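Q: Please take a close look at how one pair of packed helices is arranged, and then place that pair in the rest of the chain.

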Amino acid sequence: MSAPEAKSGVSTTTVTEDEAGMRVDRWFKRRYPTLALSHLAKICRKGEVRVDGKRVETSTRLEEGQKVRVPPLRIEAPEAPAVKRASPEDAQALKAMTLFEDKDVLVLNKPWGLATQGGSGQKRHVDGMLESLARGDSRPVLVHRLDRDTSGVLLVAKTRRMAADLGEIFRSRQAKKIYWALVEGVPKPAQGRVSLYLAKGAGMEKARGGGRDLEKMRVAKHGEADAQHSLTYYAIVDKVAPRCAWLSMKPLTGRTHQLRAHAEAIGHPIFGDPKYGRRPEDDVRRRDPLRAMPDGLERKLHLLARRLVLPHPRGGTLDVTAPLPPHMQKSWELFGFDVKQYDPIEDAPDA
């Protein structure tokens, strides 16, 4: 790496619509990719970076039209900057996944096995694929995420400003989310409320027969470090007693693995879950010929982000439904479940 080069002179830059809602550090990193964040933190502390004439911190969020004072910067010169190339294959794949699109948002039907964002061992993911839809400095932004093995509705904003507006709608719990799951056994009561504190647990051992290190959430006590409250309403739509039930689930909070952890906590893990449902009592049920799931079901996570309803920032309501993924469709046909029947979770409270 070459020695840092100084960017001479003071300049003033206006925050664009697409940059509204960005933190100061991310705004600088976007415009000056090789700027050291430690250097940025230093010049912010010294008051050299100002927004509309006022001192700011690196965590300060920007608004459209604000004027950012950019002092002389020490910028690292990259040895060989990587060139990102749009992938026509990714653009085509995203088009095939699209459930709804307008000038502001894109709603995808994420398939099983495709990660939402990059992580350990994840080379292909939705966030990376969105580069294929970038236009100049503007590119679509994920509004929320789904687990790698969860299928269904995934919301994407076409600009950072729209992402900020939609993010606020999610944070204020104005978004109604409905999930469908196939769980082992039949929960009692048929309709209920799961209210628990969840915290990150220790990584599990390697998946049986697999090579991924599995981290899972655990039920915690109020007041424990990192414990967060989680709330889910559930209702049985149909069942094949005593083997399994089709649950409709409505999470009011958005914790990591919330529905999967809640299903396990009530004693009815989601079928095909590689992380949850590994307790001794689960193994006892699976050895019982009367309660065991039938052979022939695909051992993939049977969890679908079925429907998303929320106010559109431009007005009106965004209401999108995803179809069953192929592996769940086969299971529904095997058990004779009818996707057109009434879903009782519609009557669950919104708060």
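A: The crossing of α1 and α2 is right-handed; a crossing has this hand if the near helix is turned clockwise from the far one by less than a right angle, and is left-handed if anticlockwise. This is a predicted model, in which local features need pLDDT of at least 70 and side-chain atom pairs count only at pLDDT 80 or more, while totals for chains, interfaces and linings use all residues. Residues are numbered from 1 along each chain as its sequence is written, and side-chain values use heavy atoms, with hydrogens and water left out.

Two packed helices are described by the angle between their axes and the distance between the axes. Here α1 covers residues 24-31 and α2 residues 37-45; their angle is about 130° and their axes are 11 Å apart. Axes are lines fitted to C-alpha atoms, for helices over the stretch in contact, and angles run from 0 to 180 degrees between N-to-C directions. The two helices α1 and α2 are therefore oblique to each other (under 35 degrees is roughly parallel, over 145 roughly antiparallel, 65 to 115 roughly perpendicular, the rest oblique). On the α1 side the contact is made by V24, D25, F28 and K29, and on the α2 side by L37, L40 and C44; contact means heavy atoms within 4.5 Å. By class, the contact of α1 with α2 has five nonpolar, no polar and two charged residues (Ala, Val, Leu, Ile, Met, Phe, Trp, Tyr, Cys and Pro are nonpolar, Asp, Glu, Lys and Arg charged, the others, Gly among them, polar).

Next along the sequence is strand β3, where V51 is found. At 6% relative accessibility, V51 counts as buried (under 20% relative accessible area; exposed is over 50%, partly exposed in between, with a 1.4 Å probe and protein chains only). Leaving aside neighbours within four places in sequence, V51 is in contact with V56, L62, Q66, K67 and V68. The C-alpha atoms of V51 and H144 are separated by 29 Å, the two residues being 93 apart along the chain. D52, in the loop between β3 (50-51) and β4 (54-55), has a positive phi of about 50° although it is not a glycine. At 45% relative accessibility, D52 counts as partly exposed.

As for the whole chain, there are eight helices and 17 strands; helices (H or I, at least four residues) and strands (E, at least two) are DSSP runs, numbered from the N terminus. Of its 351 residues, 45% count as buried. The C-alpha trace spans about 75 × 45 × 45 Å along its principal axes. Among contacts between residues at least 6 apart in sequence, 68% join residues at least 24 apart.

The largest nonpolar core has 39 residues, and L155, L166, L182, L310 and W332 are those with the most contacts inside it. A nonpolar core is a set of buried Ala, Val, Leu, Ile, Met, Phe, Trp, Tyr and Cys residues joined through side-chain atoms within 4.5 Å. Helix α5 (residues 160-171) gives the most to this largest core, with five residues. Apart from this core lies another, of 28 residues, among them V126, Y234, I236 and A245.

Two peptide bonds remain to be noted. A cis bond joins K188 and P189, with omega about 0°; P189 is in the loop between β11 (176-184) and β12 (191-200). The bond from A241 to P242 is cis, with omega near 0°, and P242 is in the loop between β14 (228-240) and β15 (244-251).
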